[in-house]
Amino acid sequence: MPKYFEELDSVLRALADPTRRAIVERLAKSPAVVSELAAPFEMALPSLMQHLRLLENAGLITSQKQGRVRTVSLRPGALDVLHLWLGEQRTSAERQADRLGMHLIRTPPKEA
């Protein structure tokens, strides 16, 4: 079993919840303060903070507190483990189709 499976499991558990996926999607655009992240959700701030803690524990986000304002960011490369695992799941037929597609793109058409 590859060493990254624990990290992968943690990331997949974190992303299993639609609220946490929405937070990650929002943070992919730019960092945000907690109050901004909470705005679209109908939940108490402590509940949102639980979601943020889970995402942070999974290594997906980081947060910084300056004064009374907490800013949350998507951790660079946070989804790499997911990308790696998905890449390993591709079938050989998909790989062959990709190679054929690249060959067809690179090969100029013959004139009839």
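T19 is buried, with a relative accessible area of 16%. That figure falls under the 20% cut-off for buried residues. The model is predicted. T19 lies in helix α2, and α2 itself lies across three strands, β1, β2 and β3. The points below cover two helix residues, the sheet and the nonpolar core.

**T19 and helix α2**
- T19 touches F41, M43 and H51, leaving out residues up to four places away in sequence.
- Helix α2 spans residues 18-29.
- Its direction is at about 90° to β3.

**The sheet**
- Three strands form an open sheet in the order β1-β3-β2.
- The pairing is antiparallel.
- In general, strands of a sheet pair through backbone hydrogen bonds.
- β1 (32-33) and β2 (61-66) are the edge strands, each pairing on one side only.
- β2 and β3 (residues 69-74) are joined by 6 bridges.
- Across this antiparallel pair, Q66 stands opposite V69 in β3.
- Helix α4 also packs on the sheet, where it touches β2 and β3.
- The direction of α4 makes about 120° with that of β2.

**M49 and helix α4**
- M49 is found in helix α4, which covers residues 45-57.
- M49 counts as partly exposed, because its relative accessibility is 24% and the partly exposed class lies between 20% and 50%.
- Beyond its neighbours within four places in sequence, M49 is in contact with V34 and R70.
- R70 falls within the residue range of β3, 69-74.
- The C-alpha atoms of M49 and L8 are separated by 22 Å. Along the chain, M49 and L8 are 41 residues apart.

**The nonpolar core**
- The largest nonpolar core has 22 residues.
- L37, L52 and L60 have the most contacts inside this core.
- Five elements give two or more residues to this core: α1 (5-15), α2 (18-29), α3 (34-38), α4 (45-57) and α5 (80-89).
- α1 gives the most, with 4 residues.
- In soluble globular proteins, nonpolar side chains tend to be buried together.

**Contacts of L60**
- Which residues does L60 touch, not counting those up to four places away in sequence?
- L60 touches V11, A14, L15, L55, S73, L74, R75, A78 and L79.
- Among these partners, V11, A14 and L15 fall within the range of α1, 5-15.
- L55 is another partner, and its number lies within the range of α4, 45-57.
- S73 and L74 fall within the range of β3, 69-74.

Key. Residues are numbered from 1 along each chain as its sequence is written. This is a predicted model: local features need pLDDT of at least 70, side-chain atom pairs count only at pLDDT 80 or more; totals for chains, interfaces and linings use all residues. Side-chain values use heavy atoms; hydrogens and water are left out. A nonpolar core is a set of buried Ala, Val, Leu, Ile, Met, Phe, Trp, Tyr and Cys residues joined through side-chain atoms within 4.5 Å. Buried means under 20% relative accessible area, exposed over 50%, partly exposed in between (1.4 Å probe, protein chains only). Contact means heavy atoms within 4.5 Å. Two strands pair if DSSP finds at least two bridges between them. Axes are lines fitted to C-alpha atoms, for helices over the stretch in contact, and angles run from 0 to 180 degrees between N-to-C directions.
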